[in-house]
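Visitor: Hi, I have a structure open and I'd like to walk through it with someone. Could we put it on screen and start?

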Amino acid sequence: MNCKKIVVLLSLAFSGMLLPGAEKIVVRTFPDGYKDCRIGSVFSDAPSALILHSWAKDKPFSSQDVQIRMTLPENFKITRFSICRSPREGHQVYPEKSGNGENTWLMDAGSVSCNVVYQRSAHPWRPEVPWTNSSVIIFIRPEGPVPERFEAKWEIAGENLEKTSGVMKLCTLKAPKLTKRPKEKEVWSLAGGYQSAFGKTNYIDMLKTMRDAGVTTILQAGGYWLPDNLYPIKELPKLGLRPMAFNNLDYAQRIDPDALRKAGFNVTDEDLKLDASGERVRSRKDKKVKQIYCFTAMAEKDSPVRAHMRSFYKKYTDLGFQSFWTDYEPSGYNGCFCGKCRRAFAKFARAEESECLKMSPGELVYKYPYEWYAYRCHMIGRLLTLLSKEIGVPVGWNSNLGHQDYFLPCYDSYGLAYFAEDPRIFDPYVAYHSADTLGTALESVYALEAFLQKKPGGEFAVKKPVIVRATSLHWVSWFFTCIYGRYELALEKGFEGLGTDYRRKLHRLEIAQDFAIGAAGIEVGADPFTADAEALTGITEGIQFAADFEDYIRREYRQDRQCVKLFDCTDAESPYENITKRGYLSNWFRLAARKYGNLQVVVHQNKEWLLASIFNWDYYQDKKLRLELPPLPAGEYYINISLDNEKYTLKTPVTPKTLAEGLSVNLPGGSFLAILLSPKALFPVRDMSLPHFAGGKLVTPYVPGTKHEGMKPFYEYVYNAQIRPMMSLYPKAGFKLIDVNTRK
Ligand SMILES: [Zn+2]
């Protein structure tokens, strides 16, 4: 027995004792910890990650000789473990045979610094818990048949550390694989938040799992660096994955002018933002602003700031990144008011230049509230175009479109962008848009609708492809910083939990409906620290729908919702309301369901075929439905069906005359059903018929963009909302609110 082992055994012997003054830790586990049923999921045929998120309970401390023990079914092997991003390469992971088809693994972590204390932020409904450096990340790999369900007992102990233990309940699922990949649709994902924890084999295997599940593009974003040493970024395309850099505009803006000068970029005062109080901003730390350079100056031919940006981006393109996009959220009004900006604005708005140069910032934007906002959008858009050309890769932009009910004359369409990043203005400047839909579930689907809307003349408001944040993780980041804080709040508020154990169905429905309404792609969290086996399966199910119907769900084939009539012929009352109001997040989703309706239909049609895709967002009730379709040209039509991707064609074709009676279908809770009427039988033929339902309650589709209130919503939700805090930030700059009732 070597010395190390003796130390391990001795400390194990002591670990059970409550030592005087022993420090305590708080542990929250993933992937079981966010489920009300407390059953997480792992892959039965691919590596998975189990996480013991750990914080100091009372005060920061360090512990020596920390050991983690975990008991797993014998065919699961622990291949590696890491304390946060710091892998314990030199330490031992070995099983102690314990019989009964189980192995207990001992992970010797050595010295661990537990320097983050568990606490919940004070946010009233979105509390977070802090990032911790002491989480235990454990990679497990199946090496033979594994049980459908098992328990993983765990224990953390160490010198002056009170032993903490628990049990994770887990079930196993096969890693999801698309049976057909979409030709054009994109699926973006980060590659997880603990990059260096993986080790090369786990990293590549994780990338393969994500790729097979449908991911096309791996995002590099702040704090989530792709580990070039584990798998060279340039090699990613060999795995069928595209690397994309995220937030470059923001990062490049973080570098102070002094640092730029030192690096050889001759930045002058003229390049710096002149804020509303008339001061040049010299650092991001200054007044905590994110814009330190003048965008107008940055778009000039020989801007040293842009020259620096080119070199900054080159770092990424040299590595093999093929595109970048930015989530910047520029303020419409809290920007630069320098002479260059004012002169460029006067030209843009055809306003009197001398007047624009003379007015206080407040007077200027009060006189030209929308024009100034539009100018800001155009300016940043121009800058993006220049950068894209100069670095030779496409650029995209992440925008929010909120208040999608308002129909605004300035846009000739509906929806409001709070920040100076209106996708309708950005459209000519970017290669693609990212729809920053933050509501999750139906709320997000309808936010995407605003991007995909047609203007009154029938033209699309945004012509470039739109990638959408699907199950955006805003309300419920499945990543621990959000979920555990919200879970506790939920229980304190008397809810039974988060109410989202149907997460697989949530992903499936949201992603499939996003694609159905016209998304060119989605952004999801498909990495093992965000999506467990069940969640990734739901993600794949949504993508599979897009792959199967890609040729039919093109934007231009989409019809108005009102072109079909859907009747709900279900007899019983749905338990949806009663169940969803008991969960903290499901309760929120319920509000969206009330507004938009749990039954959704999206119709695509061209000369020869009609595709009706129905989504049942009522997870708790199977629906009996009858669909009345628009008239179809004479001929025979096969009924091709995909029920949650199970595809078949009914043996007997139908005629428009039979279809005129309506099509009756059963649709299980949380499922989608695509019905493609086509002259061809597209799937394996089944000799079966559809049910017949009569009557039923007409489902009224929600139609966004109906409130005509002129510019009032813009003044209220964009202008006044941003000017209000600026009035106290810059009391002498002349800012004042617009009276929305009198201003035209
Ligand atoms: Zn300026």
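Visitor: Let me begin with a small thing: which residue in β11 is the bridge partner of I39?

Guide: The bridge partner of I39 in β11 is K169. Before we go on, please keep in mind that this is a predicted model. The bridge you asked about belongs to a pairing between β2 and strand β11, residues 161-173, which run in the parallel sense and are joined over 5 bridges.

Visitor: And what about β10 and β11, in which sense do they pair?

Guide: Strand β10, residues 149-158, pairs with β11 in the antiparallel sense, and there are 9 bridges between the two. Within that pairing, I156 has T164 in β11 as its bridge partner. The two strands form a hairpin with 2 residues between them, and N160 in the turn has a positive phi of about 50°.

Visitor: Where else does a residue that isn't glycine have a positive phi?

Guide: One of them is R38, whose phi is near 60°, and R38 lies in the loop between β1 and β2. Another is N645, with a positive phi of about 75°, which is found in the loop between β26 (638-643) and β27. As background, most residues other than glycine have a negative phi.

Visitor: Are those two buried or exposed, or something in between?

Guide: The two do not fall in one class: R38 counts as partly exposed because its relative accessible area is 35%, whereas N645 counts as buried because its relative accessible area is 14%. The cut-off that matters for N645 is that buried means under 20% relative accessible area.

Visitor: Back to the loop with R38. Which peptide bond is cis?

Guide: The peptide bond from F30 to P31 is cis, with omega near 15°, and P31 is found in the loop between β1 (25-30) and β2 (39-43).

Visitor: Changing topic, what coordinates the zinc ion?

Guide: The zinc ion is coordinated by the SG atoms of C294, C336, C338 and C341, at 2.2 to 2.3 Å. The angles among the 4 donor atoms run from 100 to 119°, and the site is tetrahedral. For comparison, the ideal angle for four tetrahedral donors is 109.5 degrees.

Visitor: How are those donors spaced along the sequence?

Guide: Their spacing is C-x41-C-x1-C-x2-C. C294 and C341 are 47 residues apart and link distant parts of the chain, with C294 in the loop between α4 (257-262) and α5 (295-298) and C341 in helix α7, residues 339-349. Both C294 and C341 are buried.

Visitor: Now the second largest pocket: how many residues line it, and which lie nearest its centre?

Guide: It is lined by 23 residues, and those nearest its centre are D568, N598, L599, K623 and K697. The volume of the second largest pocket is about 640 Å³, and its lining divides into 7 nonpolar, 7 polar and 9 charged residues.

Visitor: Which element gives the most to that lining?

Guide: That is α17, which supplies 4 residues to the lining of the second largest pocket. The elements that each supply at least two residues are α16 (576-580), α17 (584-596) and β31 (697-699).

Visitor: I also see an open sheet, so what is the order of its strands?

Guide: The open sheet has 6 strands in the order β23-β24-β29-β26-β27-β30, with mixed pairing. Its edge strands are β23 (599-605) and β30 (685-686), each of which pairs on one side only. At the β30 end, strand β27, residues 646-650, pairs with β30 in the parallel sense over 2 bridges, and T649 has V685 in β30 as its bridge partner.

Visitor: And which strands does β25 pair with?

Guide: One partner is strand β22, residues 565-568, which pairs with strand β25, residues 623-628, in the antiparallel sense over 4 bridges, and there K565 stands opposite E628. Another is strand β28, residues 663-667, which runs antiparallel to β25 and is joined to it by 5 bridges, with L625 standing opposite V665.

Visitor: Last one, how many residues of helix α12 are buried?

Guide: In helix α12, residues 442-451, 9 of the 10 residues are buried, and the helix is mostly covered. The buried residues include L442, Y446, E449 and F451.

Terms used:
Residues numbered from 1 in each chain as written. Predicted model: local features only at pLDDT ≥ 70, side-chain atom pairs only at ≥ 80, totals over all residues. Heavy atoms only, no water. 1 Å grid on protein atoms, 1.4 Å probe; cavity = no way out; pocket = protein on both sides within 12 Å on 5 of 7 lines; lining within 4 Å. Points joined across faces, edges and corners; volume = space filled by probe spheres on them. Nonpolar A, V, L, I, M, F, W, Y, C, P; charged D, E, K, R; others polar. Donors = N, O, S within 2.8 Å, 3.2 Å for Na, K, Ca; no water. Tetrahedral: all angles 85-135°; square planar, octahedral: opposite > 155°, others 65-115°. Buried < 20%, exposed > 50% of the residue type's maximum accessible area, 1.4 Å probe, protein only. Pairing = 2+ DSSP bridges.
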